[in-house]
Amino acid sequence: MALMSALCLCFMPMHASPLSHDNGDGSLAFLSSADSTTTLNRTDTLQTVLVTANSKTRDIKSAAPRYTLEQSSFSRLGVTDIASAVHRLPGITLRDYGGAGGMKTVSVRGMGTQNTGVSYDGIALSDCQTGQIDLQRYTLGSMKAMQLSVAGNDDIFIPARNAASAALLSITSIDSHDLTAPTRCRAQLALGSWGYTNPMVQLSTSSHERIALSAMVDYVYAENDYPFTIFNASTPMHKRRSDNMMNQWHAETSLLWMVNERNRLTAKLYYYDNDRQLPGPVHYYTDETSETLHDRNAFAQARWLSTLNDNLQLMVNGKFNWTSSDYHIGHPSGGITSNEYWQREAYTSAAVLYTPLDILSLNYSADYVLNNMNSSLPTSSRPQRHSLLQSATAKLQTTHLTVMARGLYSVYLNDNRGTTAANSPSTSIATQAETAPDEHNFAPSLSLSFRPFRHEDIYIRASWKKIFRMPTFNELYYYHLGNPMLYPEKTNQWNLGLTWQSDPSRPLVAAITADGYINSVTDKIVSIPYNMFVYRTVNIGKVKILGADITADISLSPSKRHTIGLTANYSYQRARNETFQGNFYGMQIAYMPKHSGSATVYWTNPWVNISATLNGMSKRWATNEHNPSTDLPGFAECSLTAYRSLTAYGHTFTLSASVINLTDKQYEIVRRYPMPGRSWRMSLTFEY
């Protein structure tokens with residue numbers, strides 16, 4: 001999102017002013033400072049004019065699948081938290097450990113959570129230890145938009161790292177609208193079932209349309225002691241989730257500085273702290289657990305965007321990230337002991353965008369990343385990795401055809417400075433820890449979009465992408481469970497789709513996308529959860545994923561103040577294990593549903609806005625072998641939301657109330673981690 005300024009310049013005429021910038025929400029904005037009727041004898045300075053293009057339209061035109069969810073639609077669609085927002089995006093499988101404190105990670109099109117990159121204001125987030133980004137750390141209060149790009153991105157002016165994942169989930173928290181917005185304060189208090197309490201305060205201000213500042217802090221506390229039912233044979237056992245308390249807060253501040261018409265700086269400081277209990281998997285006769293996890297994360301990032309001339313732009317990124325995980329278990333077993341982990345990352349990137357012709361854009365990006373990790377174990381791995389990624393991209397765009405080609409070259413240099421202990425009855429001998437081999441890889445991609453009719457928004461799109469994923473530090477070195485000789489994961493992605501959008505000026509507006517895809521994965525790495533912090537990781541050889549994603553966005557405005565709409569998505573994923581060894585050939589891989597989807601019906605009106613959401617998925621298996629009693633039944637969950645906004649004396653009050661899991665459905669997303677039943681949530685938001 002934060003890189004839309006590059007695209008503005010990329011497709012504007014050669015003589016156009018470089019005052020275009022991005023909105024951060026998928027729309028384009030152009031700043032106009034001169035009028036075509038200005039004479040030589042008189043100079044008039046006009047007010048800034050903001051011209052936008054709807055992000056839904058840009059999603060339809062994208063050569064690779066892209067889906068955008070904006071802040072303005074959160075209330076209308078009944079979005080209550082990050083998990084419910086993710087359900088509105090197709091092709092995503094959410095792994096949720098239950099309740100407000102449960103970790104929430106996403107897998108796109110059956111390729112695993114580590115194959116899904118996440119960026120925050122255009123710069124990638126990372127976790128070199130697990131490779132998984134816990135979306136719970138990023139709250140809706142700070143989000144302006146969320147966008148999912150699969151197998152490519154029409155925005156070619158991006159860091160090489162952002163192109164190095166099979167799918168990218170982009171989060172935007174500050175954009176160019178903030179430069180012209182007045183000083184605003186937004187305060188919210190949300191309350192919910194089982195002790196859920198979430199106050200949030202956000203302050204944003206701008207100065208002379210050059211500097212925009214935003215700061216926010218939020219706090220979440222929840223007991224999460226929700227009831228659930230399990231069956232011992234045919235006998236139901238009614239229990240409550242215990243040891244599931246969460247105590248979390250996070251703060252961040254963002255800066256957007258338009259230094260002049262050709263230079264812009266964005267920067268962010270972020271801190272997150274979550275001290276929570278880990279309830280562990282449910283057992284029949286005991287609820288006793290003694291696990292806690294204290295996560296802390298801080299990072300600082302900055303981006304400089306400079307227009308060198310009408311055809312050339314430069315972007316420089318920098319980031320430092322620090323993460324601490326303090327895991328404690330009161331009753332060690334199976335070799336799992338209390339431990340602390342620290343990881344650090346230094347990241348820098350430079351990218352150049354050259355536009356020699358109106359229809360042609362060229363980009364080169366180079367990224368360097370240094371990751372290292374250590375722990376409190378006396379003898380443990382101390383892994384370190386140098387990563388160098390380079391990408392070269394060409395994009396050709398005409399009225400009817402868009403073609404984009406990219407080549408990504410990655411080099412990974414691994415080192416392990418830790419030691420391992422080989423114990424004998426008489427002595428303990430420390431030896432150098434085993435190090436994973438260095439790797440390098442070239443990953444090409446190609447995508448195109450064709451518009452067969454000039455006056456109809458119908459597009460045919462096709463894409464192919466080859467991608468390469470290095471194993472994470474946990475997968476390589478985790479105590480007792482890691483394997484330094486684990487093979488990297490290689491994926492080929494093919495996509496063919498059709499998109500259509502009706503005339504947006506009519507009362508009935510519709511946008512529909514349909515994409516079929518094939519993902520072929522070699523040496524797929526699958527993580528099977530032992531608990532919320534420990535995973536068992538294996539290579540399962542080959543996996544072929546055949547699937548389809550369908551989305552529909554339909555709205556009808558029968559009168560000026562009434563809108564009735566439907567937003568829906570459906571995904572089919574046949575993730576077939578094609579490893580010839582073992583007895584699980586042809587079976588669906590663990591935790592991948594064949595069918596999943598979500599649908600929201602809403603009605604906005606002058607009185608009380610209402611939305612109803614249904615989401616669910618089909619049967620899954622907790623193991624690749626489909627062992628008896630490891631199947632997870634399918635489920636469908638229904639939620640209702642009502643909200644109303646009132647404005648008085650320049651202040652806006654919004655009251656929202658939701659009933660989640662209306663039918664009190666008992667289900668699990670991760671085996672032996674029951675999800676909450678029926679619950680409620682209310683929020684009061686004050687803005688001025």
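Are phenylalanine 635 and tyrosine 667 buried or exposed? Both phenylalanine 635 and tyrosine 667 are buried. Keep that pair in mind while we walk through the rest of this model, which is a predicted one.

Let's start with a sheet. Five strands make up an open sheet, and reading across it you get the order S3-S8-S9-S6-S7, with mixed pairing. At the edges stand S3 and strand S7 (123-124), each with a single partner strand, so one side of each has no neighbour in the sheet. As background, strands of a sheet pair through backbone hydrogen bonds, either parallel or antiparallel.

Now zoom in on strand S8, residues 145-150. S8 is mostly covered, with six of its six residues buried. Ala145, Gln147 and Ser149 point one way from the strand, while Met146, Leu148 and Val150 point the other way, and all of them are buried. On one flank, S8 runs antiparallel to strand S3 (residues 66-70), and five bridges join the two. If you want a register to check, tyrosine 67 has leucine 148 in S8 as its bridge partner. S8 also runs antiparallel to strand S9 (residues 167-172), this time with six bridges. There, methionine 146 is matched with isoleucine 171 in S9.

Go along to the S7 end of the sheet. Strand S6 (residues 116-120) pairs with S7 over two bridges in the antiparallel sense. Serine 119 is the residue that stands opposite alanine 124 in S7.

S6 also leads us to the aromatics, through its residue Tyr120. Tyr120 belongs to one aromatic cluster together with Tyr138, Tyr270 and Phe299. The ring of tyrosine 120 has a charge for company too: the charged end of lysine 268 sits over it, 4.6 Å from its centre. A similar arrangement turns up with arginine 161, whose charged end sits over the ring of tyrosine 347 at 5.1 Å from the ring centre.

How many aromatic pairs does the structure hold? The count is twelve. One of them is tryptophan 249 with tyrosine 271, a tilted pair at 5.3 Å centre to centre and 45° between the planes. This pair links distant parts of the chain, since tryptophan 249 is in strand S15 (residues 246-260) and tyrosine 271 is in strand S16 (residues 263-278), 22 residues apart. Tryptophan 249 is partly exposed at 36% relative accessible area, and tyrosine 271 also counts as partly exposed, at 25%.

That brings us back to the opening pair. Phenylalanine 635 and tyrosine 667 have ring centres 4.0 Å apart and planes at 15°, so this pair is stacked. Phenylalanine 635 lies in strand S37 (residues 635-648), whereas tyrosine 667 lies in the loop between strand S38 (651-660) and strand S39 (668-670), so the pair ties together parts that are 32 residues apart in sequence.

Last stop: the surface. Leu508, Ile554, Leu556, Ile564, Leu566, Val601, Trp603, Trp607, Val608 and Ile610 form a nonpolar patch there, with about 840 Å² of accessible area together. Strand S31 (542-559), strand S32 (562-577) and strand S33 (595-604) are the elements that give two or more residues to the patch. Tryptophan 603, one of the patch residues, is found in S33. Why does tryptophan 603 count as partly exposed? Because its relative accessibility is 33%, and the partly exposed range runs between 20% and 50%.

Notes. Residues numbered from 1 in each chain as written. Predicted model: local features only at pLDDT ≥ 70, side-chain atom pairs only at ≥ 80, totals over all residues. Heavy atoms only, no water. Buried < 20%, exposed > 50% of the residue type's maximum accessible area, 1.4 Å probe, protein only. Helix = DSSP H or I, 4+ residues; strand = E, 2+ residues; numbered from the N terminus. Pairing = 2+ DSSP bridges. Patch = residues over 30% accessible without salt bridge, like charges linked within 9 Å, V, L, I, M, F, W, Y side chains within 5 Å. Areas by Shrake-Rupley, 256 points an atom, 1.4 Å probe, with all protein chains shown as cover. Salt bridge = Lys/Arg side-chain N within 4 Å of Asp/Glu carboxyl O. Phe/Tyr/Trp six-rings, centres within 6.5 Å; stacked < 30°, edge-to-face > 60°. Lys NZ or Arg CZ within 6 Å of the ring centre and 35° of its normal.
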